[in-house]
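Visitor: Please pick one part of this protein and take me through it closely. Then work outward from there.

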Amino acid sequence: MPPSLARREPDLVEWMDRPDCDPERLEATYGHFRWVNRRLGRWWTVYRRWVRPVLRREAGDHRGVEGCERGPVLRILDVGSGGGDIARALLHWGQADGFRVEVTGIDPDPRALRWARSSGTAPDEVGPRPDFRQAMASDLLQGGERFHVVVSNHVLHHLEDPEVRAFLSELEGLALRRVVVTDIERSPMGYQLFRVVSALPRFRDSYVRPDGLLSIRRSFRARELARVSPPGWTVRRLVPFRLVALRDVPREAASSLEAGSP
Ligand SMILES: C[S@@+](CC[C@H](N)C(=O)[O-])C[C@H]1O[C@@H](n2cnc3c(N)ncnc32)[C@H](O)[C@@H]1O
């Protein structure tokens with residue numbers, strides 16, 4: 001247990017990032033992300049506060065109902081999509097609101113891609129699903145792709161300070177309207193609470209506990225994240241122990257991107 005949680009742990013690598021980690025525990029971890037992101041990550045709140053308003057503005061009056069979505073195609077990108085549950089949830093929530101959403105999830109790890117593509121829906125189920133691709137944000141930027149909303153969760157704490165600014169700038173370059181980046185906020189109390197929650201038997205066979213505890217140690221405080229973010233970004237707290245980094249793309253920048261977007 002860290003006495004003060006004063007320092008991040010740059011030399012330690014999470015189990016799930018190791019190529020030789022146990023594949024069954026890794027798959028169980030991807031499966032458990034859904035629970036973690038809904039309950040602790042508060043993604044429904046993130047959607048309602050920061051994603052849905054953008055979709056509403058873009059769609060204007062052109063909005064249908066679930067199963068009969070209308071209006072312009074609205075593209076959402078999830079960077080570092082892992083098990084894919086946030087991408088799937090965004091697609092589901094967007095469609096339930098009557099928007100014509102297309103969701104893309106990208107992750108550099110082929111194991112995450114395999115899980116994301118095969119889980120969440122029955123293999124013979126028809127209907128829209130997120131498009132999961134093995135890629136980095138820079139690949140999409142180079143390809144000229146643009147998205148109305150770009151989101152990312154639990155990726156920042158994998159990066160060292162100097163990498164954060166470049167990562168956020170890439171996400172901004174991909175966004176036509178808004179970037180929403182969420183992560184844990186490091187705190188001794190959050191660490192202790194997660195020790196209790198992650199001791200639940202349901203997490204016994206996954207890496208949720210060791211990786212989650214290390215993630216907390218590697219994550220930022222609000223002021224630290226604000227310091228390493230590019231100009232124009234704001235960092236907010238979301239209870240409990242969450243950070244949300246936000247960037248609204250200025251209208252002029254967005255119009256020139258749209259003119260050149262595929
Ligand atoms: C802790 S998992 C989070 C997965 C998912 N976003 C979630 O919240 O459940 C971190 C993911 O980020 C991916 N990742 C790590 N570095 C990345 C980077 N520079 N760009 C994009 N994804 C990255 C990893 O492969 C991993 O799947």
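Guide: Helices and strands here are DSSP runs of at least four and at least two residues, numbered from the N terminus. On that basis the protein, a predicted model, has 10 helices and seven strands. It holds 262 residues, of which 40% count as buried. Take contacts between residues at least 6 apart in sequence: 78% of them join residues at least 24 apart.

The part to look at is helix H3, residues 85-96. Start with its length. A helix is expected to span 1.5 Å times one less than its number of residues. For the 12 residues of H3 that gives 16 Å, and the end C-alpha atoms are 16 Å apart, so the two agree.

Now its surroundings. H3 is mostly covered, with nine of its 12 residues buried. The buried residues are Asp85, Ile86, Ala87, Arg88, Ala89, Leu90, Leu91, Gly94 and Gln95. What covers them? Among the elements are helices H1 (23-39) and H2 (43-59), along with strands E1 (70-79), E2 (99-107) and E4 (147-153). After H3 comes Gly98, with a positive phi near 90°.

Follow the H2 side of that cover. Trp44 is in H2. Trp44 has 12 C-beta neighbours inside 10 Å and therefore counts as exposed, since the limit for exposed is 12 or fewer. Leu90, one of the buried residues of H3, has its C-alpha 8.7 Å from that of Trp44, although 46 residues separate the two in sequence.

The loop between H1 and H2 holds Arg42. Its phi is near 55°, a positive value in a residue other than glycine. With 18 C-beta neighbours inside 10 Å, Arg42 counts as partly exposed.

Next, the E4 side. Ser152 sits in E4. Ser152 is buried because 23 other C-beta atoms lie within 10 Å, and 20 or more is enough to count. Leaving aside residues up to four places away in sequence, Ser152 touches Asp78, Val79, Gly80, Leu171 and Val181. E1 runs over residues 70-79, so Asp78 and Val79 belong to that strand by the DSSP runs. Val181 is 29 residues from Ser152 in sequence, yet the C-alpha atoms are 4.8 Å apart.

Beyond E4, the chain enters the loop between E4 and H6, where His154 lies. His154 also has a positive phi, near 60°, in a residue other than glycine. With 21 C-beta neighbours inside 10 Å, His154 counts as buried.

H6 covers residues 161-174 and includes Phe167. Phe167 is buried, with 22 other C-beta atoms within 10 Å. Phe167 and Pro230 lie 63 residues apart along the chain, and their C-alpha atoms are separated by 9.6 Å.

Some of these stretches also meet the ligand. There are 18 residues around the ligand, and Phe33, Gly80, Gly82, Asp109 and Asn153 come nearest. Phe33 falls within the range of H1, 23-39, and Asn153 within that of E4, 147-153. Gly80 is among the contacts of Ser152. By class, the shell around the ligand has eight nonpolar, eight polar and two charged residues.

Two further places round off the tour. One is the packing of H7 (residues 188-197) on H8 (residues 208-218): their axes are 10 Å apart, at an angle of about 175°. The two helices are therefore roughly antiparallel, because the cut-off for that label is over 145 degrees. H7 contributes Gly190, Tyr191, Phe194 and Arg195 to the contact, while H8 contributes Gly212, Leu213 and Ile216. These residues divide into four nonpolar, two polar and one charged.

The other is Pro240, in the loop between E6 (234-238) and E7 (242-248). Val239 and Pro240 are joined by a cis peptide bond, with omega about 0°.

Back to H3: nine of its 12 residues are buried, and the elements covering them include helices H1 and H2 and strands E1, E2 and E4.

Conventions. Residues numbered from 1 in each chain as written. Predicted model: local features only at pLDDT ≥ 70, side-chain atom pairs only at ≥ 80, totals over all residues. Axes fitted to C-alpha atoms, helices over the stretch in contact; angles between N-to-C directions. Parallel < 35°, antiparallel > 145°, perpendicular 65-115°, else oblique. Contact = placed C-beta atoms within 7 Å. Nonpolar A, V, L, I, M, F, W, Y, C, P; charged D, E, K, R; others polar. Near = placed C-beta within 6 Å.
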